[in-house]
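The following exercises are to be worked through with the sequence and the coordinates at hand. Each task is followed by a solution in steps.

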Amino acid sequence: MKTIRIGCGSGGCTFERMEPAIELAEKGNIDYIIFECLAERTIADAQKDKLSNPLKGYNPMLHERMRAFLPLMKKHGFKIVSNMGGANPVCAVEEITKTAKELGITGIKIAMVSGDDITDNIEDYYNYPLIDKTNTVSTLEGIISANVYLGADGIREALDNGADIVITGRVADPSLFVGPIIHEFNWADDEYEKIGQAILTGHLMECCAQLTGGYYADPGYKEVPDLHRLGHPIAEINENGELFFTKPEGSGGLVNVDICKEQLLYEIGDPSCYITPDGVADFSNVTFTQTAENIVAAKGALSHGKTDTYKVNIGYMDGWLGIGELSFGGTNSLERAKLCAEIIEKRWEIVGLKPLEYQFDYIGFNSLYKSSISSKLMQGGNPEIRLRLAVRAKTKKEASLLIRELQCMYINGPAGSSGITSKVDAVLSIENMLVPREGISAKIVYTEV
């Protein structure tokens, strides 16, 4: 029975460790390695980079990764699929081609999958409503990016046509894994149990080391061995949809049922209705079984078919954000931090400043859970508090003036403050809309080295 092994080399981050992915390539006996490098904001950040330099906008680790993995790909015979193209897959492919020539590597076929970027015709969608909002796209000022979450079809086509490396822009995270699976097994959209298993594979694998113990460890409660050398996950799936998760032999971390359960629910609202471009997945009947040490079997996923829309990620400039922090230590530190916040608010009134919005957090007390929960969790006093202020303003000057009042707290505020830091940055915000599938399609260009 035909079986393939897919490894994950990175999980939704701009930057990621190299050595676990190299270990995966050398010891994992993999057919594919997936580099998943885009989160919700990173595609907009990439568009911002491209606006400042038309030759940029792809993942900044692209060159480093290709220098390491092109020789490994030739040696071990696996293929590479990645959304490292970001906002500029054209230049990403040019960089890969250049790197291959520098290394003397030939006989590889690179596919560029594009079609996700609809920024240039965003005006066509001005009347479309924003998801979870009452207003439309036209109300957003300073739009710099609009990228469709494409599915696996373009990746499948590229692999069907013999691509060794597939570089995409914004493709839905699970689709990076679904593409190789449906290519290898030639599964149809209406093979709902198999497509469900493919989407399950992508969902659990997309955050990489979170499936091998990352974001899981809690000393004394949930132990993870050798977290400092955490291995990357491998999915093994066969033509019947039978699915197993594991990791390279001897690597750090672990793969167990509890970790898989946590990852199944990660970033999901309704497990019975997880909407992806490749199908609406139903994970409500998924079960995990520990079949051996660091090997977990997964079954029971289902797809209900594709929706007639795509999700679009829209990035836009949304004013300026000022952030300032300072620390208080010792007895009564929380009360001194609260007094500091009160002083700053009154100073804004005196100098005539009004932020669009602002928030004080008391790190060490309520910065994560806010007062209603934190007050119940805290026992006794607070040995140290770090006051954090975030303000949003229309202009950089306004944000700077608002934060200046915190900067003045060394000699104008409560006793015992230290460690003041501050910065002002442009705000890049994200909204989403749904657009019809009709009129949106993947475009594939091939380059041979």
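**Exercise 1.** Is Glu-325 buried or exposed, and what is its relative accessible area?

*Solution.* The model is a predicted one.
- Step 1. The relative accessible area of Glu-325 is 19%.
- Step 2. Buried means under 20%, so Glu-325 is buried.

**Exercise 2.** Determine which residue forms a salt bridge with Glu-325, and where the two partners lie.

*Solution.*
- Step 1. The partner is Arg-388, and the closest N and O atoms of the pair are 3.8 Å apart.
- Step 2. Glu-325 belongs to strand β14 (residues 309-329), whereas Arg-388 belongs to strand β16 (residues 384-393). The two residues are 63 apart, and the pair thereby links distant parts of the chain.
- Step 3. Arg-388 has a relative accessibility of 23% and counts as partly exposed.
- Step 4. Salt bridges with shared partners join Glu-325 and Arg-388 with Asp-361 and Arg-386 in one network.

**Exercise 3.** Analyse the salt bridge between Glu-431 and Lys-133, and state why this pair ties together separate parts of the chain.

*Solution.*
- Step 1. The side chains of Glu-431 and Lys-133 meet at 3.4 Å, N to O.
- Step 2. Glu-431 is in strand β17 (residues 417-436), and Lys-133 is in the loop between β4 (109-114) and β5 (143-148). The pair therefore ties together parts that are 298 residues apart in sequence.
- Step 3. With 11% relative accessibility, Glu-431 counts as buried. Lys-133 has a relative accessible area of 44% and is partly exposed.

**Exercise 4.** Describe the salt bridge of Asp-226 and its partner, and give the total count of salt bridges.

*Solution.*
- Step 1. Asp-226 pairs with Arg-229 through their side chains, at 3.1 Å from N to O.
- Step 2. Asp-226 is partly exposed, at 35% relative accessible area. Arg-229 is also partly exposed, at 39%.
- Step 3. The count of salt bridges comes to 21.

**Exercise 5.** Locate Thr-14 and characterise its surroundings.

*Solution.*
- Step 1. Thr-14 sits in the loop between β1 (3-11) and α1 (19-27).
- Step 2. Its relative accessible area is 27%, so Thr-14 is partly exposed.
- Step 3. Leaving aside residues up to four places away in sequence, Thr-14 touches Cys-37, Thr-42, Asn-59, Pro-60 and Met-61.
- Step 4. The C-alpha atoms of Thr-14 and Leu-62 are 10.0 Å apart in space, while the two residues are 48 apart in sequence.

**Exercise 6.** Summarise the overall fold of the chain: which secondary structure elements does the chain contain, and what is its radius of gyration?

*Solution.*
- Step 1. The chain contains twelve helices and 18 strands.
- Step 2. A compact globule of 449 residues would have a radius of gyration near 22 Å; the value for the chain is 24 Å, which agrees.
- Step 3. Along the principal axes, the C-alpha atoms fill a box of roughly 75 × 55 × 45 Å.
- Step 4. Of the 449 residues, 53% count as buried.
- Step 5. Among contacts between residues at least 6 apart in sequence, 77% join residues at least 24 apart.

**Exercise 7.** How many positive and negative charges does the chain carry, and how far apart are their mean positions?

*Solution.*
- Step 1. There are 44 positive and 61 negative charges.
- Step 2. Their mean positions are 6 Å apart.
- Step 3. For the surface, the chain exposes about 20500 Å², of which carbon and sulfur atoms supply 50%.

How values were computed. Residues numbered from 1 in each chain as written. Predicted model: local features only at pLDDT ≥ 70, side-chain atom pairs only at ≥ 80, totals over all residues. Heavy atoms only, no water. Helix = DSSP H or I, 4+ residues; strand = E, 2+ residues; numbered from the N terminus. Rg over C-alpha atoms; globule rule 2.2 N^0.38 Å. Buried < 20%, exposed > 50% of the residue type's maximum accessible area, 1.4 Å probe, protein only. Contact = heavy atoms within 4.5 Å. Areas by Shrake-Rupley, 256 points an atom, 1.4 Å probe, with all protein chains shown as cover. Lys, Arg positive; Asp, Glu negative; His and termini not counted. Charge placed at Lys NZ, Arg CZ, Asp CG, Glu CD. Salt bridge = Lys/Arg side-chain N within 4 Å of Asp/Glu carboxyl O.
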